[in-house]
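Reader: Please take a close look at the nonpolar interior of this protein and at what is arranged around it. A connected account would suit me better than a list.

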Amino acid sequence: MDKMGSTDGPDNLQRRWCHLRKVLERSGPFCHPDFEPSPENLSFLMGSCKILVIGAGGLGCELLKDLALMGFKDIHVIDMDTIELSNLNRQFLFRRKDIGQSKAEVAAKFINSRIPGCYVTPHFCKIQDFDATFYSSFHLVVCGLDSIVARRWINGMLLSLLSYDDGVLDQSSLIPMIDGGTEGFKGNARVILPGITACIECTLDLFPPQVTFPLCTIANTPRLPEHCIEYVKVIQWPKENPWDSPIDGDDPQHINWIYEKAMERAAQFGIQGTTYRLVQGVVKNIIPAVASTNAVVAAACATEVFKLATSCCMPLDNYMVLNDVDGVYTYTYQAERRVDCLACSQVPKTVDVPGPDAKLQDLIAILCESPHFQMKSPGLTATVNGKHRTLYMQTVTSIEEQTRPNLKKTLSELGLVDGAQVMVADSTSPNTLVIILKFGEPPDVDME
């Protein structure tokens, strides 16, 4: 038995991995130009290759199973969530007795107990809890995420690990990312080679827009049951909730309270269709998931991991789309890099603002609402008259209170001129973005 607990002797290995050996020890017409058939390919895959799986949900469970059964033995998994009853219909590594426990830890324990020789290391935390040293230790990163913000963050982290010599990318610093996503009967898989192919930020407009409701609508003229639920969530909860705590979408008491208040408001405006399940969906932003779609997309992602780890075949170039709403339809295409990409381009990032009379809150609105930026809660700092100054910081309460008056001030009042550099920190990236203000025509963004 080796250090990972494997009981695979030479004879067992020969039988168990015979199909992989046929692929890795023989050449073929679809092989990568750099592929060299050898028994060492399987040895690397099973002995040295280190894989990081981000997410242990619907896609993550499938990915862990697929990768372990393909011979990968050193796998790490990160997930910050705990298991819920609603997960059990598609996240097959979990059982009813596991409800309330860490997804990463339960999934790792299941795989380790069922697949001899494989060792999955769980991390019950956020991806932001680890630094560059941790991520640089992996050969490949596989994402099974349901969060665009998390995708953008890990994309920025892998880009920050790249090193260049006189402008030429050092290939040894490149860690490929394989990203999968599903929504109902639709899904996609993609291969991202940081610094070479299109990254997450390059194709940000491919993600479906996040559903938001104008505050004036939910407060004054609600027309949908979602408007009533959002009103209770955004306005009534901070004022009236009996627990004096943030909303917990997994707490039945919280959901019941919101459901009852939303029913009252819906009745007041004659709106039908408010249900407990709809309340859960709005509060938790639940995206419907289908087990078969997860299985297909995870299989595609795992295949790309295998191809990249061994060079046995040319990898996906670079975006595959699956649609099995009406039959089964799939196609691939090459997503192109943006020359002005926020994350992977080397060109200065300029932001068009109306002029020096524009207010700081207008600049923040551009950063949040522009399709090119799509930030969540940007914090802005700048060097003004030789002094480093915090313009606005939302994530820290004490600083937010001190800098809130700046939102109503014009850029000129804050000492920002045409061509000024502003440092922007946001939850969508582990790195600080430097933007250059360009005064001119107003951007195509609704400032109201």
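Author: A nonpolar core is here a set of buried Ala, Val, Leu, Ile, Met, Phe, Trp, Tyr and Cys residues that are joined through side-chain atoms within 4.5 Å. The model is predicted. Its largest nonpolar core has 50 residues, and the members that touch the most others are Ile 51, Leu 64 and Phe 72. Helix α12 gives the most to this core, with 8 residues. A separate core has 36 residues, including Phe 138, Ile 148, Leu 161 and Cys 199. In soluble globular proteins, nonpolar side chains tend to be buried together.

Phe 72 shows how the largest core is put together. With neighbours within four places in sequence left aside, Phe 72 is in contact with Leu 45, Cys 49, Ile 51, Leu 67, Cys 118, Val 305, Phe 306 and Ala 309. Ile 51 is thus both a contact of Phe 72 and, with Leu 64 and Phe 72, one of the residues that touch the most other core members.

Helix α12 spans residues 291-310 and also holds Ala 299. Ala 299 is partly exposed, because its relative accessible area is 33% and the buried class ends at 20%. Between Ala 299 and Gly 180 there are 9.8 Å in space, C-alpha to C-alpha, although the two are 119 residues apart in sequence.

Helix α4 covers residues 58-69 and carries a charged pair, Lys 65 and Glu 62, which lie 3 residues apart and so are separated by about one helical turn. Lys 65 and Glu 62 form a salt bridge whose closest N and O atoms are 3.1 Å apart. Glu 62 is buried, at a relative accessible area of 9%, whereas Lys 65 is partly exposed at 24%.

A search of the whole structure finds 10 salt bridges. One of them joins Glu 25 to Arg 21, with 3.2 Å between the closest N and O atoms. Glu 25 is partly exposed, with a relative accessible area of 29%, and Arg 21 is also partly exposed, with 23%. Another salt bridge links Arg 404 and Glu 400, where the closest N and O atoms are 2.6 Å apart. Here Arg 404 is partly exposed at 44% relative accessibility, while Glu 400 is buried at 12%. Salt bridges with shared partners also join Glu 62, Lys 65 and Asp 66 into one network.

Next come two packed helices. The axes of helix α10 (residues 252-268) and helix α11 (residues 276-284) come within 10 Å and cross at roughly 110 degrees. That angle makes α10 roughly perpendicular to α11. On the α10 side the residues are Pro 252, Ile 255, Asn 256, Ile 258 and Tyr 259, and they meet Tyr 276, Val 279, Gln 280 and Val 283 of α11. By class, this contact of α10 with α11 has 7 nonpolar and 2 polar residues, and no charged residues.

Helix α13 (residues 360-369) is largely enclosed by the rest of the structure, because 7 of its 10 residues are buried. The buried residues of α13 are Leu 360, Asp 362, Leu 363, Ile 364, Ala 365, Ile 366 and Leu 367. Their cover includes the strands β11 (349-353), β12 (379-384), β13 (387-392), β14 (421-425) and β15 (433-439).

Note on methods: Residues are numbered from 1 along each chain as its sequence is written. This is a predicted model: local features need pLDDT of at least 70, side-chain atom pairs count only at pLDDT 80 or more; totals for chains, interfaces and linings use all residues. Side-chain values use heavy atoms; hydrogens and water are left out. A salt bridge is a side-chain nitrogen of Lys or Arg within 4 Å of a carboxyl oxygen of Asp or Glu. Buried means under 20% relative accessible area, exposed over 50%, partly exposed in between (1.4 Å probe, protein chains only). Helices (H or I, at least four residues) and strands (E, at least two) are DSSP runs, numbered from the N terminus. Contact means heavy atoms within 4.5 Å. Axes are lines fitted to C-alpha atoms, for helices over the stretch in contact, and angles run from 0 to 180 degrees between N-to-C directions. Angles under 35 degrees count as roughly parallel, over 145 as roughly antiparallel, 65 to 115 as roughly perpendicular and the rest as oblique. Ala, Val, Leu, Ile, Met, Phe, Trp, Tyr, Cys and Pro count as nonpolar, Asp, Glu, Lys and Arg as charged, and the others, Gly among them, as polar.
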